[in-house]
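This report goes through a protein chain whose sequence and structure are shown below. It starts with one strand, then takes up the sheet, the helices beside it and selected residues.

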Amino acid sequence: MESRTPAWLETLKKVRGIEWIVLLIVLGVALALIAPSLTPQSSPETQRSPPLSVSIGSDEELRLGRVLSSVEGAGEVEVFLTYAEDSGKSSTAKPSQSVKGVIVVAEGAGDVALRIRLTDAVRAALDIPVSRIEVLPMKASPTQAQQMRGE
(Lines give C-alpha, C1' and ligand atoms only; values in the text may rest on other atoms or scores of the structure.)
Protein backbone atom coordinates (compact mmCIF):
# COMPACT_ATOMS: atom_id res chain seq x y z
CA MET A 1 0.00 0.00 0.00
CA GLU A 2 1.45 3.30 -1.10
CA SER A 3 1.06 6.27 1.26
CA ARG A 4 0.38 9.50 -0.52
CA THR A 5 1.41 12.70 1.22
CA PRO A 6 -0.57 15.88 0.59
CA ALA A 7 0.86 18.39 -1.85
CA TRP A 8 1.26 21.12 0.77
CA LEU A 9 3.38 18.79 2.90
CA GLU A 10 5.63 18.02 -0.07
CA THR A 11 6.04 21.77 -0.62
CA LEU A 12 7.00 22.27 3.05
CA LYS A 13 9.66 19.56 2.75
CA LYS A 14 11.33 21.57 -0.03
CA VAL A 15 11.53 24.79 2.01
CA ARG A 16 15.06 25.94 2.88
CA GLY A 17 16.36 27.69 6.03
CA ILE A 18 15.75 31.33 5.05
CA GLU A 19 12.33 30.44 3.69
CA TRP A 20 11.41 28.97 7.10
CA ILE A 21 12.37 32.24 8.77
CA VAL A 22 10.28 34.27 6.32
CA LEU A 23 7.38 31.85 6.73
CA LEU A 24 7.55 32.13 10.53
CA ILE A 25 7.63 35.94 10.35
CA VAL A 26 4.60 36.00 8.05
CA LEU A 27 2.72 33.61 10.36
CA GLY A 28 3.67 35.74 13.40
CA VAL A 29 2.39 38.93 11.78
CA ALA A 30 -0.81 37.19 10.71
CA LEU A 31 -1.33 35.86 14.23
CA ALA A 32 -0.68 39.32 15.73
CA LEU A 33 -3.34 40.79 13.44
CA ILE A 34 -5.88 38.07 14.19
CA ALA A 35 -5.23 37.70 17.96
CA PRO A 36 -7.15 40.80 19.15
CA SER A 37 -10.32 39.52 17.51
CA LEU A 38 -9.92 36.14 19.23
CA THR A 39 -9.85 37.53 22.79
CA PRO A 40 -13.21 37.94 24.53
CA GLN A 41 -14.42 41.52 24.39
CA SER A 42 -14.89 43.14 27.76
CA SER A 43 -18.05 45.10 28.25
CA PRO A 44 -17.95 48.91 28.08
CA GLU A 45 -18.78 48.84 31.79
CA THR A 46 -15.40 47.31 32.61
CA GLN A 47 -13.47 49.55 30.21
CA ARG A 48 -14.49 52.80 31.90
CA SER A 49 -12.13 54.51 34.26
CA PRO A 50 -13.26 54.65 37.85
CA PRO A 51 -15.87 57.38 38.29
CA LEU A 52 -15.39 60.46 40.35
CA SER A 53 -17.21 60.59 43.62
CA VAL A 54 -20.76 61.65 42.79
CA SER A 55 -23.63 62.67 44.97
CA ILE A 56 -27.04 62.49 43.30
CA GLY A 57 -29.44 65.21 44.31
CA SER A 58 -27.25 66.65 47.07
CA ASP A 59 -28.36 69.67 49.05
CA GLU A 60 -25.60 71.68 47.40
CA GLU A 61 -26.92 70.80 43.92
CA LEU A 62 -30.48 71.66 44.89
CA ARG A 63 -29.51 74.97 46.49
CA LEU A 64 -27.34 75.99 43.55
CA GLY A 65 -30.11 74.97 41.12
CA ARG A 66 -32.62 77.15 42.97
CA VAL A 67 -30.29 80.15 42.90
CA LEU A 68 -29.45 79.71 39.21
CA SER A 69 -33.11 79.29 38.24
CA SER A 70 -33.80 82.69 39.78
CA VAL A 71 -31.47 84.33 37.24
CA GLU A 72 -33.55 86.21 34.68
CA GLY A 73 -34.15 84.07 31.58
CA ALA A 74 -32.72 80.86 33.06
CA GLY A 75 -36.04 79.06 33.48
CA GLU A 76 -35.86 75.54 34.89
CA VAL A 77 -32.33 74.59 35.96
CA GLU A 78 -30.73 71.28 36.92
CA VAL A 79 -27.26 71.05 38.47
CA PHE A 80 -24.90 68.08 38.64
CA LEU A 81 -21.73 68.24 40.76
CA THR A 82 -18.76 65.88 40.81
CA TYR A 83 -16.36 65.81 43.72
CA ALA A 84 -12.65 65.08 43.89
CA GLU A 85 -12.13 61.57 45.24
CA ASP A 86 -10.74 61.55 48.75
CA SER A 87 -9.00 58.27 49.51
CA GLY A 88 -10.99 56.16 51.92
CA LYS A 89 -13.97 58.53 52.00
CA SER A 90 -17.52 57.75 50.99
CA SER A 91 -19.05 59.10 47.79
CA THR A 92 -21.53 61.38 49.54
CA ALA A 93 -20.96 65.12 49.50
CA LYS A 94 -19.20 66.43 52.56
CA PRO A 95 -18.01 69.98 53.22
CA SER A 96 -14.39 68.73 53.19
CA GLN A 97 -14.70 67.45 49.61
CA SER A 98 -13.79 69.80 46.81
CA VAL A 99 -15.97 70.17 43.73
CA LYS A 100 -14.25 68.74 40.67
CA GLY A 101 -16.75 69.80 38.01
CA VAL A 102 -20.21 71.21 37.42
CA ILE A 103 -22.82 70.64 34.73
CA VAL A 104 -25.70 73.10 34.58
CA VAL A 105 -28.65 72.36 32.29
CA ALA A 106 -30.98 75.33 31.90
CA GLU A 107 -34.00 76.08 29.72
CA GLY A 108 -32.65 79.48 28.72
CA ALA A 109 -29.06 78.37 28.13
CA GLY A 110 -29.50 78.69 24.36
CA ASP A 111 -28.75 82.39 24.94
CA VAL A 112 -24.97 82.90 25.07
CA ALA A 113 -25.20 85.89 27.44
CA LEU A 114 -27.21 83.82 29.91
CA ARG A 115 -24.70 80.97 29.68
CA ILE A 116 -21.93 83.38 30.62
CA ARG A 117 -23.94 84.72 33.57
CA LEU A 118 -24.69 81.20 34.81
CA THR A 119 -21.05 80.17 34.43
CA ASP A 120 -19.90 83.24 36.37
CA ALA A 121 -22.46 82.55 39.10
CA VAL A 122 -21.25 78.94 39.50
CA ARG A 123 -17.61 80.08 39.49
CA ALA A 124 -18.32 82.60 42.23
CA ALA A 125 -20.45 80.24 44.34
CA LEU A 126 -18.10 77.26 44.26
CA ASP A 127 -14.75 78.99 43.72
CA ILE A 128 -13.75 76.73 40.83
CA PRO A 129 -12.23 77.66 37.45
CA VAL A 130 -14.51 78.25 34.47
CA SER A 131 -12.84 75.32 32.67
CA ARG A 132 -14.60 72.95 35.11
CA ILE A 133 -18.08 74.37 34.45
CA GLU A 134 -20.33 73.40 31.54
CA VAL A 135 -23.65 75.13 30.91
CA LEU A 136 -25.95 73.38 28.44
CA PRO A 137 -29.41 74.15 27.05
CA MET A 138 -32.22 71.95 28.31
CA LYS A 139 -34.03 69.75 25.81
CA ALA A 140 -37.48 71.13 25.04
CA SER A 141 -40.42 69.04 26.22
CA PRO A 142 -42.86 67.88 23.49
CA THR A 143 -45.39 70.56 24.50
CA GLN A 144 -42.73 73.27 24.38
CA ALA A 145 -41.61 72.08 20.95
CA GLN A 146 -45.22 72.27 19.69
CA GLN A 147 -45.60 75.79 21.10
CA MET A 148 -42.39 76.88 19.38
CA ARG A 149 -43.67 75.52 16.05
CA GLY A 150 -47.02 77.29 16.60
CA GLU A 151 -49.13 74.15 16.73
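## Strand 2 and its surroundings

Strand 2 is largely enclosed by the rest of the structure, because five of its seven residues are buried. The model discussed here is predicted.

Strand 2 runs antiparallel to strand 3, and seven bridges join the two. Strand 3 also pairs with strand 4, here in the parallel sense and over five bridges. Some individual partners are listed in the table.

| Residue | Partner | Strand of the partner |
|---|---|---|
| Tyr83 | Val99 | strand 3 |
| Leu81 | Val102 | strand 3 |
| Val102 | Ile133 | strand 4 |

Val102 appears twice in the table: Val102 is the bridge partner of Leu81, and Val102 stands opposite Ile133 in strand 4.

Phe80 also belongs to strand 2. Is Phe80 buried or partly exposed? Its relative accessible area is 33%, so Phe80 counts as partly exposed. Phe80 and Glu134 are 54 residues apart along the chain, and their C-alpha atoms are separated by 10.0 Å.

## The chain as a whole

The protein contains six helices and four strands. Along the sequence these elements follow the pattern α-α-α-β-α-β-β-α-β-α. Of the 151 residues, 21% are buried. The protein exposes about 11400 Å², and carbon and sulfur atoms supply 60% of that area. Taking contacts between residues at least 6 apart in sequence, 61% join residues at least 24 apart.

## Helix 4

Helix 4 spans residues 59-69, and its buried residues are Glu61, Leu64, Gly65 and Leu68. These residues lie on the same side of helix 4, because they cover an arc of only 105° around the axis. An α-helix has 3.6 residues a turn, so residues three or four places apart point the same way. The other side of helix 4 carries the exposed residues Asp59, Arg63, Arg66 and Val67.

What do the buried residues of helix 4 pack against? Their packing partners are strand 2 (77-83), strand 3 (99-106) and helix 5 (112-126).

Ser69 is also part of helix 4. With a relative accessibility of 32%, Ser69 is partly exposed. A polar atom of the Ser69 side chain lies 2.9 Å from the backbone oxygen of Arg66. Leaving aside neighbours within four places in sequence, Ser69 is in contact with Ala74, Gly75 and Val77. Ser69 and Ala106 are 37 residues apart in sequence, and the distance between their C-alpha atoms is 7.8 Å.

## The nonpolar core

In soluble globular proteins, nonpolar side chains tend to be buried together. In this model the largest nonpolar core has 19 residues. Which residues have the most contacts inside this core? They are Leu68, Val79, Leu81, Val102, Val104, Val122 and Leu126. At least two residues of the core come from each of helix 4, strand 2, strand 3, helix 5 and strand 4 (133-137).

Two of these core residues, Leu81 and Val102, are also bridge partners. Both Leu81 and Val102 are in contact with Leu126. Apart from neighbours within four places in sequence, the other contacts of Leu126 are with Glu60, Leu64 and Val99. One of these, Leu64, is among the buried residues of helix 4.

## Helix 5 and the loop after it

Thr119 is found in helix 5. Thr119 has a relative accessible area of 12%, so this residue is buried. Not counting residues up to four places away in sequence, Thr119 touches Val130, Ile133 and Val135. Ile133 is the residue of strand 4 that stands opposite Val102.

The loop between helix 5 and strand 4 contains Asp127. Most residues other than glycine have a negative phi, and most peptide bonds are trans. Asp127 is a residue other than glycine with a positive phi, near 55°. Is Asp127 buried or exposed? With a relative accessible area of 70%, Asp127 is exposed.

Notes. Residues numbered from 1 in each chain as written. Predicted model: local features only at pLDDT ≥ 70, side-chain atom pairs only at ≥ 80, totals over all residues. Heavy atoms only, no water. Buried < 20%, exposed > 50% of the residue type's maximum accessible area, 1.4 Å probe, protein only. Contact = heavy atoms within 4.5 Å. Areas by Shrake-Rupley, 256 points an atom, 1.4 Å probe, with all protein chains shown as cover. Arc of directions from axis to C-beta. Core = buried A, V, L, I, M, F, W, Y, C linked by side-chain atoms within 4.5 Å. Polar contact = N/O pair within 3.5 Å; in protein donor to acceptor, adjacent residues only side chain to side chain. Pairing = 2+ DSSP bridges.
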